[in-house]
Amino acid sequence: MSLILRASSFLSRKGKCSFCGARLSSFTTRPRKSLSASLVLEDGTRLKGYSFGHNKSTSGELVFNTGLTGYPETLTDPSYRGQILTLTLPIVGNYGVPSTTEQDKYGLLKYVESEKVQVSGLLVQDYSHNYSHWNAVKSLSEWLQAEKGTILGKIEFDDQPVEFVDPNKRNLTAEVSVKETQIFGKGNPYKVIVVDCGVKQNMIRNLVMRNAEVHLVPWNYDYSDDIYDGLFISNGPGDPAMVWDAVLNLRKVLDSNRSQPIFGICMGNQLTGLAAGAKTYKLPLGNRGHNQPVINQLNGQAFITSQNHGYAIDEKTLPSKWRSLFINANDKTNEGIMHTEKPIFTAQFHPEAFGGPTDTEFSV
Amino acid sequence: MGKPFKVPPPLRCPKCLVLGSGGLSIGQAGEFDYSGSQAIKALKEEKIKTILMNPNIASVQTNAEGEKQADVVYFVPITQDFVEDVIRRERPDGILLSMGGQTALNCGVELYDKGVLQRYGVQVLGTPIDSIKATEDRQIFADKLTEIGEKIAPSLAVETVESAVKAAKTIGFPVMVRAAYALGGLGSGLCDDEEKLREVAGQALTLSSQILIEKSLLGWKEIEYEVVRDAADNCVTVCNMENFDPLGVHTGDSVVVAPSQTLSNEEYHMLRETALKVVRHLGIVGECNIQYALHPKSLEYCIIEVNARLSRSSALASKATGYPLAFIAAKLALGIQLPDIKNSTTEQTTACFEPSLDYIVTKIPRWDLDRFHMTSKQIGSSMKSVGEVMAIGRTFEESFQKALRMVHPSVDGFVSKLPSVHQELSDGRLDDELCVPSNTRVYSIAKALHENYSVDQIHDLTSIDRWFLHKLHRIVEIERDVKNQTLGSFQRQDLLEAKQAGFSDRQLGRLIGVQENDMRNERIKQGVKPWVKQIDTMAAEYPAKTNYLYMTYNGQEHDLVFDDQGVMVLGCGPYHIGSSVEFDWCAVSCIRTLRKLGINTVVVNHNPETVSTDYDECDRLYFEELSLERVLDIYQQEVCNGAVISVGGQIPNNLALPLSNNGVNVLGTSPLMIDAAEERSRTAPWRAVSSVDDALNFAATVGYPCLLRPSYVLSGSAMNVAYGPVELKTFLEEAARVSQDHPVVMTKFIEGAREIEMDAVAKDGKVVAHAISEHVENAGVHSGDATLILPPQTISEEDIAQVKEATRKIAERFEISGPFNTQFLAKNNNIMVIECNLRASRSFPFVSKTVGTDFISVATKVMVNYPLENTLPDLSTPLQPSGYVGIKAPMFSWPRLRDADPLLKCEMASTGEVACFGATAHAAFLKALMSTGFRLPKKGILIGIQQSLQPKFLPTANKLHQLGFTLYATEATAQYLNEHNIPAEPVEWPLHSGGVNPTATRLIQDKEVDLVINLPNQNT
């Protein structure tokens, strides 16, 4: 519950979540037929708005993202599972929604990061009822209405009271992970095991493009005796401490003499830290957006990254032979670790959303 | 693990020369005062001795006092010779070229090419010269891009129809055909297929021997990114912007929004990554701007250009995001790395980040094309606007309507009524008005929506993205709903909806037929009030220290508390003809004085090109409308102690009485007195006329020529001299359109009189500081276009005494406490007042810097009742300065305005000014003239003098002859000169060609003539 309270203290400080889905009018650009709903925070704050999505009450952890574009990608990012997402970008829906089923040549979804909308709710300041984009097939509103169980623009409808739920107490990873192993890029020379804690399509695409045969395995799959050329621990939602099986599997590998490279992103970074013996903690607000500056501590170079995480590794608890690799230039939190002897690197941010650094880091 | 990058060693640069941009002209305006000022602040913070060259005396950067100012300022032209001279004297270690626009950049490149910089060991700071050249030279630029797999819009030059077809097939249809060297796009045309191409190319080749076949980018989106990169290769994009107008309109003439609104994640990041790639490859160090053309229906794009310097766009991006681009760029130029620089708005995070916006910014240009006679209102690839405004909102509708009002305070919002007096929307040609981009197209779109054009129809005609048009459509729909309301029937929800879509009280009042005040009262009664929001560069992710603010109805609470009770200072609004950087200087001077006195300042301005809107100039900056409604909103919310309205020019001055009537404590001279001085009819010898008969009668009494001017206008808008009854009638009609609420004032126009300008400050009706300057031109040229000399050179002691006496009386009569400016005519020992404004005038920075006393600082102290120093130049002190002469000369933008008639009249046409100093008036004048771009003649001079002035000109002609110039003259003049034994070759007027003699145009084109002296008849 304390998590929601923190989010709410943020909201009352900045008042960021004024939201209006639809407005009152008989014209098509301003439909009057939208339901009003309230955002209720744990501290009792109640803010009124309109729904432009599926009209059903929901609850979740309130988080915000400061990215300036990319709502179809963000809404389908499994890391947002169970969360009510607030976009600080004020006007949303402008370019509609591209095809959510079209696949690329690798069999991966072309325009979205997973098969469905992962957030529990979405809060925006101004919704564009009329979208305009050559690549759009539907409006954001239509998409959200079609995705039953996804609720937008409010927490609670007048006649539908709903309890506060802290999604971080659930094993969200298990909810979004594949149930059986899937293979992408079959026949490629390097076999890479990808542990699916809530993987984004683009991560798999980046691996396949670099000649990897990706074996996407469930989050709790034990790969310690499998043959592979590389191991990749994906991103995912929620508290890393909730997916202890994944930590134990990884620890088996770390404790063995296996020399294949290991790479982790986001949740993968935290799980690697935990497996190595370090501790993680919850950040007061989390870092979510496309503008997070990160410094590579090996050469001092800085770059801008896409991020979405609420937890971080406590650097001070890193055991010997491990060191911090990246650091956030703003709040100085850990952004990645490495092993000083083995080819093990992880990143807290999402390099797949950023061009450069991936190239050298995990060509196997 | 990241590429190893060789980080260059830190620079050693204890002394740095900064080049300014000179006088303001179209395409190179106030934004370079902002960039230069910030750069100097950054250099001073690093304890670098800073030398500035800039003849723009009205700029803040040329101030000599203060910790954040340059150590030495040279008021000299930015030309090779002068820069070399300064380098020789000062021996700087480094030179900064990127802060003074194209002028500084070009001058620096020339100095480098001539080896001057190398000879004196001056290092170019920031982007190296080779990189600058790569961005300036089309061919090198295209080659550089090819190296990294990027491209510019393909274009091929051909000389036959067959090669045109071949070129088109290489590039791919549709193609645009352009005739090379043809004026005004003559002979250009869009070709969809070979047949059309053969036809257009055939025609174009009859006009020009060479034609260009270009890839057609018609209807493509225009997108820009602002990028910074340090010497260690850290590189971020600070802001991206999207043009409302599709490609084809110069970005300076486009409506622009930030951040982009119609780009998907894929498009946004594709262009962002390209920007980083290109900037790294070119080796930019500091700031640059990259412009793209993006296909509206695919991921195809071309790079249009890269500007390796601070630009108009970077000033906008800086104000739109709160990221001080010029400041950061200067630090990067010194070799400091991006992660080591603090984000000055949060004071705790790094400058190495990309701002996130939780609002939308709209920029709209200000044109003033109606001020230039005979120029076309169409806009295109060459920039014509003179200024711009920036509005912040949380819906596009709110931000857009705010911006429209900011550009022209007389406009209500997104409406079809034009702000300009010389133009009207023509009926029946709406489709044409929509098709062709012009300075009035946005009003035509409003008209079309009101006439039930669909969004698709308008899109087909304009190629403007439907997303923008849908939003505009929504504004029109809300307007229709509001029209059915009455003051009593307005529900809170509907009122809030309209306000959230950016409707003003006056606009709503007009729709339902009530006064603005009644509408405002009803709104406040219903509890519909705007919220104050902070711009913090981080979308509130980290707490901001900045007080960079805007108001919106799309919010839930204020971002800050209001317990400062500061003094409000109203800024100048958009730069336009008659109100330029000089009023920003006045505002900055006022704000700095107040802060020095320990008074909190609340500044309202919305001009992104200004220094007064810099993040560190005031305590609270409202990037807001200078309207009665918004100024009251802010004043009441902030609970200010008082408001200064006299330092921002005419826009804030016009608010004096309405603000005062609404309970605002207007500091300084009483608004009633300001009003009395504005209603010119109340001071003799003027007559207010309300009908044509009135005017004709008055003219008959005093005789022609007569001067007409509307009250409450700045810089002679619709001001004219009528030489007969027909002209008088035409001018009256025009004046009535400018200002219906106030009468037109008429007076006898006096020919051959000298004009004297008095800038002064009074306290409780007593003059405490004054400066007298003289116009070089005789009365009749607008004071903003005139050349000023300080101290006067040809005015008699008696006249000066009379001027002082009149000034004393005026100060007393209007009980002036603050700045004021009076213009006098002097003829035959007679002194007449022709104009008096109880506010700061455009000559305040010039006289302040020339005399060495900051008049605005004095006026500010008067207004807040602070004791004055006793060394001020009051009326009893002799003329100042002594030992040197200051000259202020106007800067015109004629080359930008093809077809415009450059003849000066009482309506102002200059876009900027410069000032230089010299031991004599002539030395100062020559420097000032050269600063405006004048080149000294070397070969031939063409002379054309009207008959009445020929005798007076004879000695001058003789001197020119003796100096060894070849003289050419129009036939009558040549004959006259020859008769007096001055050899002059006759030439013909271009329109009368066919004779034996060469025509004037040919001589100019062939560069036989490098100076033309033309004193035509009154009616030519």
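Two strands pair if DSSP finds at least two bridges between them. Helices (H or I, at least four residues) and strands (E, at least two) are DSSP runs, numbered from the N terminus. The views below come from a predicted model, in which local features need pLDDT of at least 70 and side-chain atom pairs count only at pLDDT 80 or more, while totals for chains, interfaces and linings use all residues. Residues are numbered from 1 along each chain as its sequence is written, chains are lettered from A and ligands numbered from 1 in the order in which they are written, and side-chain values use heavy atoms, with hydrogens and water left out.

**View 1. A parallel sheet of 4 strands in chain B.** Let's begin with an open sheet whose strands follow the order β36-β35-β34-β37 (chain B), with parallel pairing. Its edge strands are β36 (985-987) and β37 (1009-1015) of chain B, and each pairs on one side only. On average, and with direction ignored, neighbouring strands here are turned by 25 degrees against each other. (Axes are lines fitted to C-alpha atoms, for helices over the stretch in contact, and angles run from 0 to 180 degrees between N-to-C directions.) Look for β34 (residues 940-945) and β35 (residues 966-970) of chain B: 4 bridges join these parallel strands. One pair to find is Leu942(B) with its bridge partner Tyr968(B) in β35(B).

**View 2. Two helices of chain B against the parallel sheet.** Helix α31 (residues 950-962) of chain B lies across β34, β35 and β37 of chain B, and runs at about 175 degrees to β34(B). Helix α32 (residues 971-979) of chain B also packs on the sheet, where it touches β34, β35 and β36 of chain B. The direction of α32(B) makes about 125 degrees with that of β35(B).

**View 3. An antiparallel sheet of 7 strands in chain B.** This open sheet has the order β14-β13-β10-β11-β12-β15-β16 (chain B), and its pairing is antiparallel. At the edges stand β14 (301-307) and β16 (387-393) of chain B; each has a single partner strand, so one side of each is left without a neighbour in the sheet. Neighbouring strands are turned by 25 degrees against each other on average, direction ignored. Within the sheet, β11 (residues 235-243) and β12 (residues 256-258) of chain B pair in the antiparallel sense over 2 bridges. There, Glu242(B) has Val257(B) in β12(B) as its bridge partner. Helix α10 (residues 312-321) of chain B packs on the sheet, with β10 (221-229) and β13 (286-294) of chain B among the strands it touches. The direction of α10(B) makes about 100 degrees with that of β11(B).

**View 4. A hairpin in chain B.** Strands β30 (residues 818-827) and β31 (residues 830-837) of chain B run antiparallel and are joined by 7 bridges. You can spot Ala826(B) opposite Ile831(B) in β31(B). The hairpin has 2 residues between its strands, and Asn828(B) in the turn has a positive phi of about 50 degrees.

**View 5. Two crossing helices in chain B.** The axes of α12 (residues 396-407) and α16 (residues 466-483) of chain B come within 10 Å and cross at roughly 75 degrees. Angles of 65 to 115 degrees count as roughly perpendicular, under 35 as roughly parallel, over 145 as roughly antiparallel and the rest as oblique, and α12(B) and α16(B) are therefore roughly perpendicular to each other. The contact (heavy atoms within 4.5 Å) includes Phe396(B) and Phe400(B) of α12(B), and Trp467(B) and Phe468(B) of α16(B).

**View 6. Buried residues in two helices of chain B.** Buried means under 20% relative accessible area, exposed over 50%, and partly exposed in between (1.4 Å probe, protein chains only). In helix α28 (residues 844-851) of chain B, 7 of the 8 residues are buried, among them Phe844(B), Phe846(B) and Val851(B). Just after α28(B), Gly852(B) takes a positive phi of about 90 degrees. Turn next to Leu632(B) in helix α21 (residues 628-638) of chain B. Leu632(B) is buried, with a relative accessible area of 1%. Leaving aside neighbours within four places in sequence, Leu632(B) is in contact with Arg520(B), Leu659(B), Asn662(B) and Val664(B).

**View 7. Chain A and its confidence.** Chain A has 8 helices and 19 strands, and buried residues make up 66% of its 364 residues. Its mean pLDDT (the predictor's confidence in each residue, from 0 to 100) is 80. Over residues 1-32 of chain A, pLDDT stays under 50. Where pLDDT is low, the predicted coordinates should not be read in detail.
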